[in-house]
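Grab a coffee and work through these exercises with the model open beside you. Try each task before you read its solution.

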Amino acid sequence: MAIKSYVGALLLLLSFSSTINAQVFPIGNYGAKADGSDVSQALVSAWKEACASLNPATVQIPAGTFALSEVTLEGPCKNPLEFQLQGTLQAPADPSSFKTDGWIVFQNMDGFTLSGSGTFDGKGQIAWTKNDCHKNTDCRTLPTNLRFNFVSNAIVHDVTTLDSKNFHVTVMGCKNQTFQHFHVSAPADSINTDGIHIGRSTGINILDTDIKTGDDCVSLGDGSEQVTVKGVSCGPGHGISVGSLGKYDNESPVSGVFVTNCTITGADNGVRIKTWPASKPGIASDMHFEDIQMNDVLNPVLIDQGYCPFNQCKAGIPSQVKISKVSFKKIRGTSKSQVAVKLACSQSVPCAEVEIADIDLAYQGPEGPATSECSNVKPLISGIQNPPACAKVVS
Ligand SMILES: *[C@@H]1O[C@H](CO)[C@@H](O)[C@H](O)[C@H]1NC(C)=O
Ligand SMILES: *[C@@H]1O[C@H](CO)[C@@H](O)[C@H](O)[C@H]1NC(C)=O
């Protein structure tokens, strides 16, 4: 009997504590209204109380459309925190109203969940017309929709980032963060709207996510380590890219990149590694691209060590970023240009241990079937090779 009532009390206690677990902080309790007025004060107040909560807490944004100016939501918090977005948060359309380069910044969190079926609407349309960073090196950095700075053990799922003014998401100084069933949406002609950009972070997973945007769907900057991109559909956009690398002093190595089971449609690039010419020294190794479907992609497989958009560099001087241990396997579909596979490695630090296996990429055009080009690389070749591997060797 004594044991039975003890078990009963324990069960009661457990169910009680799971109700306290679900401590919810709706922004409406802090004065937020879906009437076009800025909810940033209400959101920050709700966040602060949730963050100080002695139990796991949820900051909740209900259905409806809420105007939000730039905010920093930071920890450390007493307990794991969830940010649940059911409705839509809308950024100010005018980029000049921003003081910083982030719309919503999550930082210094350990144990964080961002969830809900809602949308972060960056209202980027005006900003895109003002982005002159491709020709003006002193240009103002436009705000990113969601910045994660120094966040560990986090999950981001189901939410949508829409029409960011600049990159949609940046992940900097983070550890063990997973994006799953995440959505990125912006038009093909939106400028510099990378989907998810990762830098100086380790253990980042992007799973079962769809990304339609105007720049790279995923871009991995220096210091990206142990990154898995799996089940991602990309396009329109500029593909899944490592780099660009080598622009700055003291860049950290990129290592451990696994891109598998992805579909890339109507994009400018498929999978690519890009480094600047005349670069600083750097290292990028252990990068694997496997089981990728290409549909009408302009440059399906590309190593570009002479990456120099808008001629902002000394194109003739080779890159100093050493690329090694790269594999491209089971890559199939259609190319929109004749050179379906291009491995253009650096003359001063040639690529090492590159493997290409089971490539089946078709091109239909007046010039003839798909072809491939290699410079400063001698890949290990196996399986189907359509186009024939290194059909043209350029020195
Ligand atoms: C990674 O983060 C998730 C979500 O917080 C957590 O469940 C998991 O245990 C973490 N993994 C490691 C290896 O710390
Ligand atoms: C590949 O990704 C798709 C989603 O794009 C998913 O439905 C499928 O189950 C995945 N297959 C494997 C083998 O992981």
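Two strands pair if DSSP finds at least two bridges between them. Keep that cut-off handy for the first exercise, and remember that you're looking at a predicted model.

**Exercise 1. Strand partners**

Work out which strands pair with strand 9, and in what sense.

Solution. Start with strand 7, residues 102-115, and strand 9, residues 144-157: they pair in the parallel sense over 10 bridges. To find the register, look at Ile104, whose bridge partner in strand 9 is Leu146.

Next, follow Leu146 over to strand 11, where its bridge partner is Val169. Strand 11 covers residues 169-172 and pairs with strand 9 over 4 bridges, in the parallel sense.

Then take strand 12, residues 175-180. It pairs with strand 9 in the parallel sense too, over 5 bridges, which clears the cut-off of at least two bridges. Here Ile155 is your marker: its bridge partner in strand 12 is Thr178.

**Exercise 2. A glycine in strand 7**

Decide whether Gly102 is buried or exposed, and find what it is in contact with.

Solution. First place it: Gly102 is found in strand 7. Now count neighbours. Gly102 has 22 other C-beta atoms within 10 Å, so it is buried; the cut-off is 20 or more.

For the contacts, skip the neighbours within four places in sequence. That leaves Glu70, Pro143, Thr144 and Arg147. Arg147 is 45 residues away from Gly102 along the chain, yet their C-alpha atoms are separated by 6.3 Å.

**Exercise 3. The buried side of helix 2**

Check the span of helix 2, then say where its buried residues sit around the axis.

Solution. Helix 2 runs over residues 40-52, 13 residues in total. From first C-alpha to last it reaches 18 Å, close to the 18 Å expected at 1.5 Å a residue.

Now pick out the buried residues of helix 2: Ala42, Leu43, Ala46, Trp47 and Ala50. They're on the same side of the helix, because they cover an arc of only 130° around the axis.

What do these buried residues pack against? Four strands: strand 1 (23-26), strand 2 (57-61), strand 4 (71-74) and strand 5 (81-85).

**Exercise 4. Two ligand shells**

List the residues around each ligand and sort them by class.

Solution. Begin with ligand 1, which is surrounded by Gly111, Asn153, Ile155 and Asn176. You may recognise Ile155 as the bridge partner of Thr178 in strand 12. By class, the shell around ligand 1 has 1 nonpolar, 3 polar and no charged residues.

Move on to ligand 2. Asp208, Gly231, Ser233 and Asn261 surround it. Its shell has no nonpolar, 3 polar and 1 charged residues.

If the tallies look odd to you, check how you scored glycine: Gly counts as polar here.

**Exercise 5. Backbone oddities**

Find where the cis peptide bonds to Pro76 and Pro236 are, then look at phi for Asp296 and Lys330.

Solution. Take Pro76 first. A cis peptide bond joins Gly75 to it, with omega about 0°, and Pro76 is in the loop between strand 4 and strand 5. The bond from Gly235 to Pro236 is cis as well, omega near 0°. Pro236 is found in the loop between strand 19 (233-234) and strand 20 (240-245).

Now for phi. Asp296 lies in strand 23, residues 282-297, and has a phi near 55°, a positive value in a residue other than glycine. With 14 C-beta neighbours inside 10 Å, Asp296 counts as partly exposed.

Lys330 is in strand 25, residues 321-335. Its phi is positive, about 50°, although Lys330 is not a glycine. Lys330 counts as partly exposed, with 17 C-beta neighbours inside 10 Å.

**Exercise 6. Contacts of a helix 3 residue**

Which residues is Ile126 in contact with, leaving aside its neighbours within four places in sequence?

Solution. Find Ile126 in helix 3, residues 125-130. Its contacts are Ala93, Asp94 and Pro95. Check Ala93: it is 33 residues from Ile126 in sequence and 6.6 Å away in space, C-alpha to C-alpha. Finish with the neighbour count: 13 C-beta neighbours inside 10 Å, so Ile126 counts as partly exposed.

How values were computed. Residues are numbered from 1 along each chain as its sequence is written. Chains are lettered from A and ligands numbered from 1 in the order in which they are written. This is a predicted model: local features need pLDDT of at least 70, side-chain atom pairs count only at pLDDT 80 or more; totals for chains, interfaces and linings use all residues. A residue is near a molecule or strand if its C-beta atom, placed from the backbone, lies within 6 Å of it. Helices (H or I, at least four residues) and strands (E, at least two) are DSSP runs, numbered from the N terminus. The expected span of a helix is 1.5 Å times one less than its number of residues. A residue is buried if 20 or more other C-beta atoms lie within 10 Å of its own, exposed if 12 or fewer, and partly exposed in between; C-beta atoms are placed from the backbone. The arc is that of the directions from the helix axis to the C-beta atoms. Two residues are in contact if their C-beta atoms, placed from the backbone, lie within 7 Å.
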